[in-house]
Amino acid sequence: MLALVSVFSFYNFTIYTNSDAQYETPLSDKALHGQELWQRNNCFSCHQLYGLGGYLGPDLTNVFSAENKGPEYIKAFLNSGIKTMPKFHFSEAEKEAIVTFLKEVDASGYYPNYNATIQSDGWVDIEYKDAK
Ligand code: HEC
């Protein structure tokens, strides 16, 4: 029993003091503020990032860099709301923080990361997008 307890203690000690396992967020402070607003206002209940989240609204992974979209477009939706999306009363700084969060998410990659086209013979042609 003592041996088991010792092994368990040693195991715990190595796991919880291993600095490699500590997650470092790549987000800037401003983006972290935006992420906090994103979570506190339940954007996730309707929107997805990398395909994960609610499905009332669209995936927002690449809304920042999408053609004809971007910072002003995102802010306009926050100001006015649309369909089931409520109007939010964010300050200019809060809107900036949310836009920065979505900008840094966008810079991390694509979702989906491929274009798929169905050929006439039934095969699917998959073209992967380069990592950002
Ligand atoms: C109750 C559901 C709901 C919540 C909560 C919500 N949204 Fe939306 N959102 C929607 C819907 C629905 C649309 C419009 C989809 C459409 O164009 O038909 C939308 C559209 C958007 C768009 C435009 C997307 C595009 O590609 O055109 C952005 C940006 C956006 N929302 C950001 C947010 C942010 C940021 C939050 C949190 C602060 C949020 N939304 C919270 C439902 C929601």
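A pocket is an open set of grid points, computed over the protein atoms alone, where a 1.4 Å probe fits and protein lies on both sides within 12 Å along at least five of seven lines. In this predicted model, the space taken by the ligand is the largest pocket.

**Figure 1. The ligand and the residues that surround it.** The ligand, which occupies the largest pocket, is surrounded by 23 residues, and the closest of these are C43, C46, H47, Y73 and M85. Sorted by class, the shell consists of 17 nonpolar, four polar and two charged residues. Helix α3, which spans residues 71-80, supplies the largest share of this shell, namely four residues.

**Figure 2. Polar side-chain atoms facing the ligand.** Three side chains are shown here with their distances to nitrogen or oxygen atoms of the ligand. A polar side-chain atom of Y73 lies 2.5 Å from an oxygen atom of the ligand, and an N or O atom in the side chain of K69 is 2.8 Å from a ligand oxygen atom. On the nitrogen side, a polar side-chain atom of H47 is placed 2.8 Å from a nitrogen atom of the ligand.

**Figure 3. H47 and its surroundings in the protein.** H47 is found in the loop that runs between α2 (29-40) and β1 (48-49), and it counts as buried because its relative accessibility of 12% falls under the 20% limit. Besides the polar side-chain atom that lies 2.8 Å from a ligand nitrogen atom, the view includes the backbone oxygen of P58, which the side chain of H47 reaches at 2.8 Å. When residues up to four places away in sequence are not counted, H47 touches W38, L52, G53, G54, G57, P58, L60 and M85; M85 is also one of the residues listed as closest to the ligand.

**Figure 4. L102 in helix α4 and its contacts elsewhere in the chain.** L102 belongs to helix α4, which covers residues 92-106, and its relative accessibility of 2% makes it a buried residue, since buried means under 20%. Leaving out residues up to four places away in sequence, its contacts are W38, L49, L60, T61, V63, F64 and I74. For V63, one of these contacts, the separation from L102 is 39 residues in sequence and 7.5 Å in space, taken from C-alpha to C-alpha.

**Figure 5. K75, a buried lysine of helix α3.** K75 lies in helix α3, and with a relative accessible area of 9% it is classed as buried. Apart from residues up to four places away in sequence, K75 touches E92, K95, E96 and V99.

**Figure 6. E94 in helix α4, with S9 in helix α1 as a distant partner for comparison.** E94 is located in helix α4 and is partly exposed, with a relative accessible area of 25%. Its side chain reaches the backbone nitrogen of S91 at 2.9 Å, and, with neighbours within four places in sequence set aside, E94 is in contact with H33, L37 and H89. S9, by contrast, is part of helix α1 (residues 2-16) and counts as partly exposed at 38% relative accessibility. The C-alpha atoms of E94 and S9 are 45 Å apart, with their positions 85 residues apart in sequence, whereas S9 and A131 are 122 residues apart in sequence and 41 Å apart in space, again from C-alpha to C-alpha.

**Figure 7. Backbone geometry at Y50, N68 and the bond between Y111 and P112.** Most residues other than glycine have a negative phi, and most peptide bonds are trans. Against that background, Y50 has a positive phi of about 50 degrees although it is not a glycine; this residue sits in the loop between β1 and β2 (52-53) and is partly exposed, with a relative accessible area of 34%. N68, likewise not a glycine, has a positive phi near 65 degrees, is placed in the loop between β2 and α3, and counts as exposed because its relative accessibility of 72% is over the limit of 50%. The peptide bond that joins Y111 and P112 is cis, with omega at about -10 degrees, and P112 is found in the loop between α4 and β3 (114-118).

Note on methods. Residues are numbered from 1 along each chain as its sequence is written. This is a predicted model: local features need pLDDT of at least 70, side-chain atom pairs count only at pLDDT 80 or more; totals for chains, interfaces and linings use all residues. Side-chain values use heavy atoms; hydrogens and water are left out. Helices (H or I, at least four residues) and strands (E, at least two) are DSSP runs, numbered from the N terminus. Buried means under 20% relative accessible area, exposed over 50%, partly exposed in between (1.4 Å probe, protein chains only). Contact means heavy atoms within 4.5 Å. A residue is near a molecule or strand if one of its heavy atoms lies within 4 Å of it. A polar contact is a pair of N or O atoms within 3.5 Å; within protein, one must be able to donate a hydrogen and the other to accept it, and residues adjacent in sequence count only if both atoms are side-chain atoms. On a 1 Å grid over the protein atoms alone, a cavity is a set of points where a 1.4 Å probe fits but cannot get out, and a pocket is an open set with protein on both sides within 12 Å along at least five of seven lines; lining residues have an atom within 4 Å of a point. A molecule sits in a cavity or pocket if more than half of its atoms lie within 2 Å of its grid points. Ala, Val, Leu, Ile, Met, Phe, Trp, Tyr, Cys and Pro count as nonpolar, Asp, Glu, Lys and Arg as charged, and the others, Gly among them, as polar.
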